[in-house]
Amino acid sequence: MRILLTNLAMKFIGGTEVYVYSIAEELIRRGYIVYYYTPNDGDIGFRLRQIGVHRYSDQQVDLILCNHDTVNDLMGTAPVIQTCHGILKEEFPIREANKYIAISEEIQELLKGKGIHAEIIRNGVNLKRFYDKTPIHKS
């Protein structure tokens with residue numbers, strides 16, 4: 001399966017950039033072919049290419065996992081699942097998505113108010129990357 005990840009920017013380390021990177025790592029580990037699309041490429045895009053993610057340039061894909069409003073030109077090429085992370089304008093849902101994910105109850109309620117049903121899937125944490133390096137001291 002070929003999966004396209006989209007994000008507004010891949011320039012600097014930020015919330016959705018780390019989210020996309022983490023999703024890409026896991027999809028590659030599971031054997032998927034992964035592409036990324038962004039109108040603002042940079043350091044994170046470079047890091048994605050280093051782990052085997054391909055820069056998108058009109059390849060046929062089977063699924064689009066979208067963040068922000070970055071897939072307008074790609075609509076109709078594959079099913080779109082949009083993850084809604086926050087309340088900024090560029091994070092608002094696109095009406096053409098096939099499915100919506102909210103990262104919290106707050107975002108789910110915001111979407112519900114716009115007439116959009118979203119499933120809650122919280123942001124995951126890569127426990128191999130983020131772990132307690134020092135023991136917790138018991139008092």
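**Exercise 1. Which residues in helix 2 are buried?** Then work out where they sit around the helix.

*Solution.* Keep in mind that this is a predicted model.
- Step 1: Find helix 2, which covers residues 43-50.
- Step 2: Look for residues under 20% relative accessible area, the cut-off for buried. In helix 2, Ile44, Gly45 and Leu48 are buried.
- Step 3: Look down the axis. These residues cover an arc of only 100 degrees, so they lie on the same side of helix 2. An α-helix has 3.6 residues a turn, so residues three or four places apart point the same way.
- Step 4: See what lies over them. The cover of the buried residues of helix 2 includes helix 1 and strand 2.
- Step 5: Move just past the end of helix 2, where Gly52 has a positive phi of about 105 degrees.

**Exercise 2. Trace how strands 1, 2 and 3 are joined.**

*Solution.* Let's go strand by strand.
- Step 1: Strand 1 (residues 2-6) pairs with strand 2 (residues 33-37) in the parallel sense, over 5 bridges. Leu4 has Tyr35 of strand 2 as its bridge partner.
- Step 2: Strand 2 also pairs with strand 3 (residues 54-55), again in the parallel sense, over 2 bridges. Here the bridge partner of Tyr35 is His54.
- Step 3: Now follow the connections. Helix 1 (residues 15-29) joins with strands 1 and 2 in a right-handed β-α-β unit. Strand 2, helix 2 and strand 3 form a right-handed β-α-β unit too.

**Exercise 3. Describe the surroundings of Lys99.**

*Solution.*
- Step 1: Place the residue: Lys99 belongs to strand 6 (residues 99-102).
- Step 2: Judge its exposure. Partly exposed lies between 20% and 50% relative accessible area, so Lys99, at 39%, counts as partly exposed.
- Step 3: List its contacts, leaving aside neighbours within four places in sequence: Val80, Ile81, Gln82 and Glu119.
- Step 4: Check a distance. Met10 is 89 residues from Lys99 along the chain, and their C-alpha atoms are 23 Å apart.

**Exercise 4. Sum up the whole chain.**

*Solution.*
- Step 1: Count the elements: the chain has 3 helices and 7 strands. Their order from the N terminus is β-α-β-α-β-β-β-β-α-β.
- Step 2: Compare the radius of gyration, 16 Å, with the 14 Å from the globule rule for 139 residues; the two are close, so the chain is as compact as a globular protein of that length.
- Step 3: Look inside: 37% of the 139 residues are buried.
- Step 4: Finish at the surface, where the chain exposes about 8,600 Å², with 53% supplied by carbon and sulfur atoms.

Notes. Residues numbered from 1 in each chain as written. Predicted model: local features only at pLDDT ≥ 70, side-chain atom pairs only at ≥ 80, totals over all residues. Heavy atoms only, no water. Pairing = 2+ DSSP bridges. Helix = DSSP H or I, 4+ residues; strand = E, 2+ residues; numbered from the N terminus. Right-handed = clockwise from strand over helix to strand, strands pointing away. Buried < 20%, exposed > 50% of the residue type's maximum accessible area, 1.4 Å probe, protein only. Contact = heavy atoms within 4.5 Å. Arc of directions from axis to C-beta. Rg over C-alpha atoms; globule rule 2.2 N^0.38 Å. Areas by Shrake-Rupley, 256 points an atom, 1.4 Å probe, with all protein chains shown as cover.
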